[in-house]
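Work through the exercises below with the sequence and the model at hand. Each task is followed by a solution in steps.

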Amino acid sequence: MELAYIPSPSSGVLYLGPVPLRGYAFCIIIGVFVAVWLGNKRWIARGGRAGTVADIAVWAVPFGLIGGRLYHVITDYQLYFSEGRDWVDAFKIWEGGLGIWGAIAFGALGAWIGCRRRGIPLPAYADAIAPGIAFAQAIGRWGNWFNQELYGRATDLPWAVEITSSSDGRVAGTYHPTFLYESLWCVGVALLVIWADRRFKLGHGRAFALYVAAYCAGRFWIEYMRVDEAHHILGLRLNNWTAVLVFLLAVLYIVLSARKRPGREDVVEPGVSDGEAASDGEADEVEAVEKDEEGAPSEKEESSEAEDSKDGAGSAKKS
């Protein structure tokens, strides 16, 4: 008998009055906001404009969602197109099923479009947003807890997650909470990237590549623990092979980039002056001060007026 475990929610839907809000979607939305907020702070610190990260995210986020869903549906096609399945379920993204590999690939494509429209180098943008993406993944993984999915092998450890659902081949019991393991790993990845970026002044996409490599290292062992249905190649799950391949590519990029383009970009957003990266509130204060200065007479004007009054007084005395 288990003395302690993580209980699963009885329902994956939260209600704000009459409005249903699915836990999976809620976690993704919160994650996106955190990624944009942190990315904006890092972008400003690198010399970019406030708001640029959000403007480009308008392109990156939809592309990322589409790519993540496509990867999941393609690699787990049997869940939607095999006998007895309804292919319409492939569009029900709120029920879970986003492949991070497709999300990052398509999200990068969307970000590239947004960056190109503004004349911004994609690697610089990727470096600024990398820790935020890791934090977003950490938050988004809790959507799997709401859906009672992506858990590992059976265990009686105190932090095991209790699965109560019996649909889609689930068996009630307590299992390794791989969603929790990945969430904690992603928090560690985000902190690692922030530290390494400050310590080594990473640039030209190397902070993003570090995030990718570190995530893949954790995803490999976490994926190995999972028991949900998946395609296998040479005894390993498909996502294990994907993690290995992407890890090697990320490390190779870091090595080659450091040799070819050492250091960090001097300019990340063309046309930004020293004061333009200030926040909107700071900009409003500056504008108010400038208006006050425009309305007030300058020192030269005050001195000239004083001289004119003296001359007038002197000529009055002479007369």
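**Exercise 1: a pocket**

The second largest pocket of this predicted model has a volume of about 180 Å³. Find which elements give two or more residues to its lining, and sort the lining residues by class.

Solution. Start with the list: the lining is made by Leu-38, Lys-41, Arg-42, Ala-45, Arg-46, Ile-194, Asp-197, Arg-198, Lys-201 and Arg-264. Next, assign them to elements: α1 (23-45) and α7 each give two or more residues. The most comes from α1, with four residues. Last, sort by class: seven are charged, three are nonpolar and none is polar.

**Exercise 2: a cavity**

State how many cavities of 30 Å³ or more are counted, and which helix gives the largest share of the lining of the largest cavity.

Solution. The count is one cavity. The space in the largest cavity is about 30 Å³. Its lining consists of Arg-141, Asn-144, Leu-150, Thr-178, Phe-179, Glu-182, Ile-222 and Arg-226. Helix α7 (residues 178-200) supplies the largest share, three residues. By class, three lining residues are charged, three nonpolar and two polar.

**Exercise 3: a surface patch**

Decide whether Val-244 is buried, partly exposed or exposed, and name the nonpolar surface patch residues that go with Val-244.

Solution. First, locate Val-244: this residue is in helix α9 (residues 238-260). Its relative accessible area is 33%. Partly exposed lies between under 20% (buried) and over 50% (exposed), so Val-244 is partly exposed. Together with Phe-247, Leu-248, Val-251, Leu-252, Val-255 and Leu-256, Val-244 makes a nonpolar patch of about 540 Å².

Key
Residues are numbered from 1 along each chain as its sequence is written. This is a predicted model: local features need pLDDT of at least 70, side-chain atom pairs count only at pLDDT 80 or more; totals for chains, interfaces and linings use all residues. Side-chain values use heavy atoms; hydrogens and water are left out. On a 1 Å grid over the protein atoms alone, a cavity is a set of points where a 1.4 Å probe fits but cannot get out, and a pocket is an open set with protein on both sides within 12 Å along at least five of seven lines; lining residues have an atom within 4 Å of a point. Grid points are joined across faces, edges and corners, and a volume is the space filled by probe spheres set on the points. Ala, Val, Leu, Ile, Met, Phe, Trp, Tyr, Cys and Pro count as nonpolar, Asp, Glu, Lys and Arg as charged, and the others, Gly among them, as polar. Patches are made of residues with over 30% relative accessible area and no salt bridge: like charges are joined within 9 Å, nonpolar side chains (Val, Leu, Ile, Met, Phe, Trp, Tyr) within 5 Å. Accessible areas come from the Shrake-Rupley method with a 1.4 Å probe; for residues, only the protein chains shown count as cover. A salt bridge is a side-chain nitrogen of Lys or Arg within 4 Å of a carboxyl oxygen of Asp or Glu. Buried means under 20% relative accessible area, exposed over 50%, partly exposed in between (1.4 Å probe, protein chains only).
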